[in-house]
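Trainee: I am new to this one. Can we go through it together, in short steps?

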Amino acid sequence: MSWRDLVGDRAFEDFELGETVETAGRTVEMCDILQFAGLTGDNYPLHVNEDYAKNTLFGGRIAHGPLTFAFAVGQVALTGWYGNAILALVECQSMQATAPVRPGDTIRVRATVAELADAKSPKNGTLHVDYVVLNQQEETVMTFHWIMLARRRIPLESK
């Protein structure tokens, strides 16, 4: 079995404006938060110190915003939706953490194709995807606009 059998042969042309994928849920555990703090060096007390965090507006420890973002990107990748179309990250825009993610919360992602555009090379296109991260109460906890370089199956004609 090749990697193409595992991820699927997709290209820029296979994505449609408005196409949406929804992921399964993933529960964020305290060990995830502590491991992320250890890996990144982001040991801000809001994330790692319960005594400190319980006296904040959140009333307890919460996940790092970048951890929520990383889980969101990974959850969509796990669906296989992108297949082997993606060549590189171009940009992440308009990221907003709109509600805290707490230990024990289960998050899932709704990702929607927002724009399909040409790239500098006729061999590629840019795929714009809006991500909405939801918790178990269907509350939006994060949003961002993800722009990726995707390979074209058939290069555009030179102009």
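Mentor: We start with a definition: helices are DSSP runs of H or I with at least four residues, numbered from the N terminus. Keep in mind that this is a predicted model.

Trainee: Which helix holds L78?

Mentor: Residues 65-79 make up one helix. L78 falls inside that run, in helix α5.

Trainee: Is L78 buried or exposed?

Mentor: Exposed means over 50% relative accessible area. L78 has 76% relative accessibility, so L78 counts as exposed.

Trainee: Which residues of α5 are buried?

Mentor: Buried means under 20% relative accessible area. In α5 the buried residues are L67, T68, F69, F71, A72, Q75 and V76.

Trainee: How far does α5 reach from its first C-alpha to its last?

Mentor: α5 has 15 residues. At 1.5 Å a residue, 21 Å is expected. The model comes close to that, with a reach of 22 Å.

Trainee: Which residue just after α5 takes a positive phi?

Mentor: Look just past the end of the helix. The phi there is about 80°, and the residue is G80.

Trainee: What separates the C-alpha atoms of L78 and T23?

Mentor: Along the chain, L78 and T23 are 55 residues apart. In space, their C-alpha atoms are separated by 8.3 Å.

Trainee: Now the strands. How many residues of β6 are buried?

Mentor: β6 has twelve residues and is mostly covered. The buried count is nine.

Trainee: How many bridges join β3 to β6?

Mentor: Strand β3 covers residues 86-97 and runs antiparallel to β6. One opposite pair is A88 and L149, the latter in β6. The number of bridges joining β3 to β6 is eight.

Trainee: Which residue in β6 is the bridge partner of L134?

Mentor: Strand β5, residues 124-134, pairs with β6 in the antiparallel sense over eleven bridges. L134 has its bridge partner in β6, and that partner is T140.

Trainee: Which residue in the turn between β5 and β6 has a positive phi?

Mentor: β5 and β6 form a hairpin, with five residues between them. In the turn, a phi of about 65° belongs to E138.

Trainee: On to charged pairs. How many salt bridges does a search of the whole structure find?

Mentor: Side chains of opposite charge can pair when their charged atoms come close. Here the search covers the whole structure, and the number of salt bridges is ten.

Trainee: How many residues apart in sequence are the parts tied together by R153 and D14?

Mentor: The side chains of R153 and D14 meet in a salt bridge at 2.8 Å, N to O. R153 lies in the segment after β6, and D14 in the loop between α1 and β1, so the pair ties together parts whose separation in sequence is 139 residues.

Trainee: Is R152 buried or partly exposed?

Mentor: R152 and D118 also meet in a salt bridge, 2.8 Å from N to O. The pair links distant parts of the chain, 34 residues apart. D118, at 48% relative accessibility, counts as partly exposed. R152 has a relative accessible area of 11%, so R152 is buried.

Trainee: Which residues do salt bridges that share partners join into one network?

Mentor: Take R110 and E22, with their closest N and O atoms 3.1 Å apart. R110 lies in strand β4 and E22 in strand β1, so the pair ties together parts that are 88 residues apart in sequence. Both belong to one network, joined through shared partners: E22, R108, R110 and E138.

Technical notes. Residues numbered from 1 in each chain as written. Predicted model: local features only at pLDDT ≥ 70, side-chain atom pairs only at ≥ 80, totals over all residues. Heavy atoms only, no water. Salt bridge = Lys/Arg side-chain N within 4 Å of Asp/Glu carboxyl O. Helix = DSSP H or I, 4+ residues; strand = E, 2+ residues; numbered from the N terminus. Buried < 20%, exposed > 50% of the residue type's maximum accessible area, 1.4 Å probe, protein only. Pairing = 2+ DSSP bridges. Expected span 1.5 Å × (residues − 1).
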